[in-house]
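Please open the structure in your viewer and keep the selection panel at hand. The tour below proceeds from one selection to the next.

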Amino acid sequence: MIRYLLCVMGSVCCFFSVTSHADSLDTVQPRIVIVIDDIGNNLAQGQAALALPGPITYAVLPHSAYGETLARAANSLGKDVMLHAPMSNTKHLKLGPGALTPDMSETRFKEVLNNNLDAIPFAVGLNNHMGSLLTRQRIPMKWVMDVAKSRSLFFLDSRTTRDSVAWEVALSEGVPALRRDVFLDNQQSVASLRQQFIRAVKLSRQHGYAVVIGHPYPVTTEFLEEAIPALDEAGIQLVSAPALLMLQQQTALLAEIERELQSTDPQPLSGCDLSDGHQCE
Ligand SMILES: [Zn+2]
C-alpha cells in the first residue's frame with residue numbers, strides 16, 4: 001500500500017508543482033496535523049493509536065474509563081493531548097459524561113468545561129466531540145473561548161457542521177485556533193481512508209497545511225501505520241496541532257516585521273552616524 005500511496009502522492013506533487021502551486025508556498029514545506037479523537041473508552045484501541053509514529057495529537061474524552069491513563073501515556077511518549085469536549089448535536093446522539101448543552105447557565109457551562117479539562121492531564125487544547133448543534137451558537141462558543149483563554153489553551157473546530165461559528169469566535173476572542181479540513185474515517189474502509197488521506201495531501205500542498213481528524217478504529221490505525229512514513233517520503237511534515245499553531249504565529253510575526261521594515265522610510269545618510277551613541281560634531 002505504501003508504494004501505491006507514494007505513487008499517488010508523487011503524482012499529486014508533480015501536478016501541483018506544474019499547475020497551481022503558489023510561488024509563496026514553494027519554499028514552505030507542506031505540513032499535516034493528524035488528530036485522533038474519541039480516545040478514552042477503549043484501552044486497546046487507544047494504546048494502538050498511541051503507538052502510531054510521529055507527533056500525532058490525541059483528543060481524549062473526559063471522565064471516560066481510560067482517558068486519564070491514556071492521556072498520561074501519551075504525554076510520557078512526548079505526544080500532545082487535548083480535551084475532546086462533548087457538545088450537543090442535532091441528531092440527539094448520546095454525548096456521555098461532561099456534555100455541554102445549550103440549556104446550561106454560563107456558570108454551569110464553565111464549571112462542566114473546567115471539570116472536563118481538570119480530568120485530562122497535560123491537555124494543551126480542546127476540540128468538540130459532535131457539537132453540530134452547540135457550535136453554531138455564538139454565546140456558548142464565547143464561553144468555551146473564555147475558558148480556553150483563561151487556561152492558555154488552543155481550540156480546534158472539528159467542524160461537524162458547516163454552520164459552526166466556533167473557529168470564528170475563537171479568533172475574535174484571541175484564542176489560537178485551527179479548523180478540521182478532512183475527516184479521515186467517516187467511512188471505515190481502506191479505499192475511503194486512502195482517498196481522504198490523499199485529499200489531505202493535496203490540501204497541504206495547496207494551502208501549506210491541512211488538519212486531519214481520525215478515530216482509533218483498527219482500520220484507521222493500521223492504515224496510518226503505513227501512511228505516516230509515506231508522508232516523509234512525499235516531502236510533507238507531520239506536526240502536532242500546537243506545533244502548527246506556533247509555526248503559524250512565527251510566520252505571522254515575521255510577515256509583520258517585514259511589513260514594518262518595508263513601510264519605514266529609509267533615513268537619508270548624513271555626515272555622522274548616531275547609532276553608536278556618539279554625538280555629531
Ligand atoms: Zn468525537
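Select helix H6 (residues 138–150) of this predicted model and display its side chains. The buried residues of H6 are Pro140, Met141, Trp143, Val144, Met145, Val147 and Ala148. Several of these recur in the steps that follow.

Next, measure H6 from end to end. Its 13 residues, at 1.5 Å a residue, should span 18 Å, and the end C-alpha atoms lie 18 Å apart, so expectation and model agree.

Now add the surroundings of H6. Its buried residues are covered by elements that include H5, strand E4 (123–130), strand E5 (154–157) and helix H7 (166–172).

From this group, keep helix H5 (residues 106–119) beside H6. The two axes come within 10 Å and cross at roughly 45°. An angle between 35 and 65 degrees counts as oblique, and H5 and H6 are therefore oblique to each other. Their crossing is right-handed. To view the contact, select Glu106, Phe109, Lys110, Leu113 and Asn114 on H5, together with Pro140, Trp143, Val144, Asp146 and Val147 on H6. By class, this contact comprises six nonpolar, one polar and three charged residues.

Move then to Ser152, just after H6, where phi is positive, at about 55°.

Finally, select the whole protein. Which secondary structure elements are there, and how many? The protein contains ten helices and nine strands. Of its 281 residues, 41% count as buried. Among contacts between residues at least 6 apart in sequence, 72% join residues at least 24 apart.

Key. Residues are numbered from 1 along each chain as its sequence is written. This is a predicted model: local features need pLDDT of at least 70, side-chain atom pairs count only at pLDDT 80 or more; totals for chains, interfaces and linings use all residues. Axes are lines fitted to C-alpha atoms, for helices over the stretch in contact, and angles run from 0 to 180 degrees between N-to-C directions. Helices (H or I, at least four residues) and strands (E, at least two) are DSSP runs, numbered from the N terminus. Angles under 35 degrees count as roughly parallel, over 145 as roughly antiparallel, 65 to 115 as roughly perpendicular and the rest as oblique. A crossing is left-handed if the near helix is turned anticlockwise from the far one by less than a right angle, and right-handed if clockwise. Two residues are in contact if their C-beta atoms, placed from the backbone, lie within 7 Å. Ala, Val, Leu, Ile, Met, Phe, Trp, Tyr, Cys and Pro count as nonpolar, Asp, Glu, Lys and Arg as charged, and the others, Gly among them, as polar. A residue is buried if 20 or more other C-beta atoms lie within 10 Å of its own, exposed if 12 or fewer, and partly exposed in between; C-beta atoms are placed from the backbone. The expected span of a helix is 1.5 Å times one less than its number of residues.
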